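Let's take a walk through this structure together, one region at a time. Keep the sequence and the 3D view at hand as you read.

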Amino acid sequence: MTECLPYILGKQNIAFFSMEIGLDGGIPTYSGGLGILAGDTVRSSADLKLPLVAVTLISKKGYFRQELTPDGWQIEHPDEWDPSQFMKLLPEEVKVQIQHKDVKVKAWLYEVKSLIGGAIPVLFLDTDIDGNPPEDREISYFLYGDNGINRLKQEIVLGVGGVRILDALGFQIRRFHMNEGHSSLLALELLRKYGMDVDRVRDLCIFTTHTPIEAAHDKFPYDLVNEVAGPFIPLDTLKKLGGQDRLNMTLLALNLSEYVNGVSKKYQDTSSHLFPGYQINTITNGVHSHTWTCESFRKIFDKYMPGWANEPELLVRVDTIPDEEIWHAHMDAKRVLIDYINENTNIGMNYDTLTIGFARRATGYKRATLIFSDLDKLRKINKKGGIQLIFAGKAHPRDESGKRIIKEVFDYIGKLKDRVKIVYLPNYNMALSCKMVSGVDVWLNTPLPPLEASGSSGMKAAHNGVLNFSVLDGWWIEGWIEEVTGWAIGPHPSEETSDEERRTRELEDLYNKLEYVIVPMYYQRRDDWITMMKNSIGKIAYYFNSHRMMRRYITEAYF
Ligand SMILES: *Cc1c(COP(=O)(O)O)cnc(C)c1O
């Protein structure tokens with residue numbers, strides 16, 4: 001093993017594979033929730049001193065940096081960064097076969113260090129190295145470069161290259177954890193390595209699925225697979241494991257993993273028709289408590305519940321904090337956000353106005369514009385108490401309808417201009433997320449069920465005493481207790497409703513709860529509001545954190 005690896009050979013025996021990972025603001029190799037979850041997985045593993053090594057792609061030009069024109073069109077810029085400022089290129093080199101020739105793969109070593117002593121190595125795979133022709137160097141440039149040939153090449157580098165690099169570095173891996181189907185090819189590499197012994201490979205593999213609809217699973221036509229990957233595994237075996245018509249990465253992972261899980265409890269209900277014949281377990285996602293708690297709340301948590309960051313269960317004792325200190329911590333965070341907005345725009349937001357936040361990928365099912373369904377109602381609510389809205393989120397570069405959603409939000413901002421203060425902040429990333437999930441009063445989420453696998457920004461909000469107001473989908477089905485931890489929008493999933501009825505009820509809840517419950521409580525019953533803030537911390541953050549999540553992976557998936 002390389003000298004610069006300060007780990008005992010063989011100690012790190014769980015390999016966590018993820019196409020994207022959100023570790024640090026300066027390392028833009030994530031696009032959204034999946035990458036943030038991977039980052040939180042690694043951060044909690046470091047705190048808990050787990051024997052884990054993470055494997056991902058270097059994505060040297062990042063995902064993209066988002067610029068928004070004054071009328072709301074997204075412009076994408078490469079988000080180039082310099083790996084050598086953060087990590088070290090290891091000398092070991094392996095090869096993978098792509099389009100019938102060798103492509104060299106190296107790895108950069110990054111260390112995620114815990115404040116309390118643990119460290120986790122993260123290997124960033126790179127093909128942009130001496131000896132590779134330009135077209136192979138490009139493989140590791142952009143995160144999710146395209147859907148077809150480049151994506152498959154990236155998945156070969158991640159899955160096959162990842163296993164080979166771990167071998168070359170001398171790791172003795174006993175568990176391979178695939179975070180979503182992008183790394184499924186690792187199981188094929190193991191199959192090849194172990195003489196096509198399916199049972200042996202299954203013993204080694206764990207698969208976590210984040211995609212609650214079949215249509216969204218990664219699939220590649222077999223002629224493309226053959227062209228790009230060559231005769232890596234006999235075609236009849238591949239079809240048996242990955243599907244007859246196309247290579248389905250989810251199916252491949254399902255067939256080659258001993259343990260499979262979804263990321264929220266609702267998978268238990270949906271998985272029987274989504275994945276018939278497979279046993280799907282559940283480990284609900286969580287967020288890294290220390291990372292997603294803002295400075296002012298960290299301070300009062302440290303004062304009243306010392307040790308909370310490495311033992312988030314202690315947040316159950318949040319009621320020991322006096323109400324005024326909760327409110328002051330919140331107002332500190334709110335000032336940071338409002339100042340940031342007022343310094344960067346001329347919207348002129350206020351500290352004392354009820355502030356609603358909405359930040360997530362701009363794509364159809366997330367329904368960023370649902371709150372604008374009835375502008376008169378919004379104006380009326382605003383008259384009663386005053387509200388201001390803060391939006392953020394990137395659309396995937398190839399998601400034209402997602403880009404139009406951002407544009408629509410801008411159009412609504414124009415229509416409500418002299419009445420309601422609304423802003424769309426560009427370039428949503430980890431740093432902006434930290435400001436938003438701590439600095440607003442209410443965190444709004446309006447996905448179209450059942451498309452939200454879990455969602456995690458609402459868990460971050462809860463860590464900062466920000467109240468969730470959300471459609472009952474993903475994690476919120478588990479976190480929601482009406483008027484205790486937050487408020488629901490629309491029917492519970494156990495109710496059968498037509499699409500039309502669902503929408504009617506969603507809009508009723510959205511506007512009625514804002515007008516008759518949320519706005520009056522915020523302005524007139526501050527004590528009740530603070531009680532709900534404490535409940536968010538003591539009943540949501542206490543449970544929906546990645547320390548609990550990793551302990552579950554250890555006891556249920558890894559051993
Ligand atoms: C937390 C986070 C997400 C995921 O939030 P969801 O609620 O799952 O949409 C996406 N992007 C960034 C930058 C985040 O910090």
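A definition will help first: two strands pair if DSSP finds at least two bridges between them. Please also keep in mind that this is a predicted model.

With that in hand, look at strand β18, residues 467-471, which runs parallel to β19 and is joined to it by 4 bridges. One of the residues to find here is Phe-469, whose bridge partner in β19 is Trp-487. Now step back to the sheet that holds this pair. Its 6 strands are arranged in the order β16-β15-β14-β17-β18-β19, forming an open sheet with parallel pairing. Why does the sheet leave one side of β16 and of β19 without a neighbour? β16 (421-425) and β19 (486-489) stand at the edges and have a single partner strand each, so no strand of the sheet flanks their other side. Ignoring direction, neighbouring strands of this sheet are turned by 20 degrees against each other on average.

Helices come next. α15 lies across β14 (354-359), β15 (387-392), β16 and β17 (442-445), and runs at about 160 degrees to β15. Helix α18, residues 499-524, also packs on the sheet, where it touches β14, β15, β17, β18 and β19. The direction of α18 makes about 160 degrees with that of β19.

Let's follow α15 to the ligand. Together with α1 (33-47) and α16 (457-463), α15 (430-439) belongs to the helices that each supply at least two residues of the shell around the ligand. Which of the 14 residues around the ligand come nearest? They are Ser-433, Gly-455, Ser-456, Ser-457 and Lys-460. By type, the shell divides into 4 nonpolar, 7 polar and 3 charged residues.

Several side chains here sit opposite oxygen atoms of the ligand. For Ser-457, an N or O atom of the side chain is 2.5 Å from a ligand oxygen. Ser-433 places a polar side-chain atom 3.0 Å from an oxygen atom of the ligand, and for Lys-366 the corresponding distance is 3.4 Å. How much of the ligand's accessible area does the protein cover? On its own the ligand has 390 Å² of accessible area, and the protein covers 93% of it.

Now turn to another open sheet, built from 9 strands in the order β5-β6-β7-β2-β1-β8-β9-β12-β13 with mixed pairing. At its edges stand β5 (88-98) and β13 (281-282), each with a single partner strand, so each has one side without a neighbour in the sheet. Further in, strand β2 (residues 52-57) pairs with strand β7 (residues 119-126) in the parallel sense over 4 bridges. Val-55 has its bridge partner in β7, namely Leu-123.

The helix α1 that you met beside the ligand packs on this sheet too, touching β1 (14-17), β2, β6 (101-113), β7 and β8 (175-179). The α1 direction makes about 140 degrees with that of β7. Helix α3, residues 149-168, touches β1, β2, β5, β6, β7 and β8 as it packs on the sheet, and its direction makes about 125 degrees with that of β5.

Two backbone details round off the tour. In the loop between α1 and β2 you will find Lys-49, which has a positive phi of about 55 degrees although it is not a glycine. Pro-450 lies in the loop between β17 and α16, and the peptide bond leading to Pro-450 from Pro-449 is cis, with omega near 5 degrees.

Note on methods. Residues are numbered from 1 along each chain as its sequence is written. This is a predicted model: local features need pLDDT of at least 70, side-chain atom pairs count only at pLDDT 80 or more; totals for chains, interfaces and linings use all residues. Side-chain values use heavy atoms; hydrogens and water are left out. A residue is near a molecule or strand if one of its heavy atoms lies within 4 Å of it. A polar contact is a pair of N or O atoms within 3.5 Å; within protein, one must be able to donate a hydrogen and the other to accept it, and residues adjacent in sequence count only if both atoms are side-chain atoms. Accessible areas come from the Shrake-Rupley method with a 1.4 Å probe; for residues, only the protein chains shown count as cover. Ala, Val, Leu, Ile, Met, Phe, Trp, Tyr, Cys and Pro count as nonpolar, Asp, Glu, Lys and Arg as charged, and the others, Gly among them, as polar. Axes are lines fitted to C-alpha atoms, for helices over the stretch in contact, and angles run from 0 to 180 degrees between N-to-C directions. Contact means heavy atoms within 4.5 Å.
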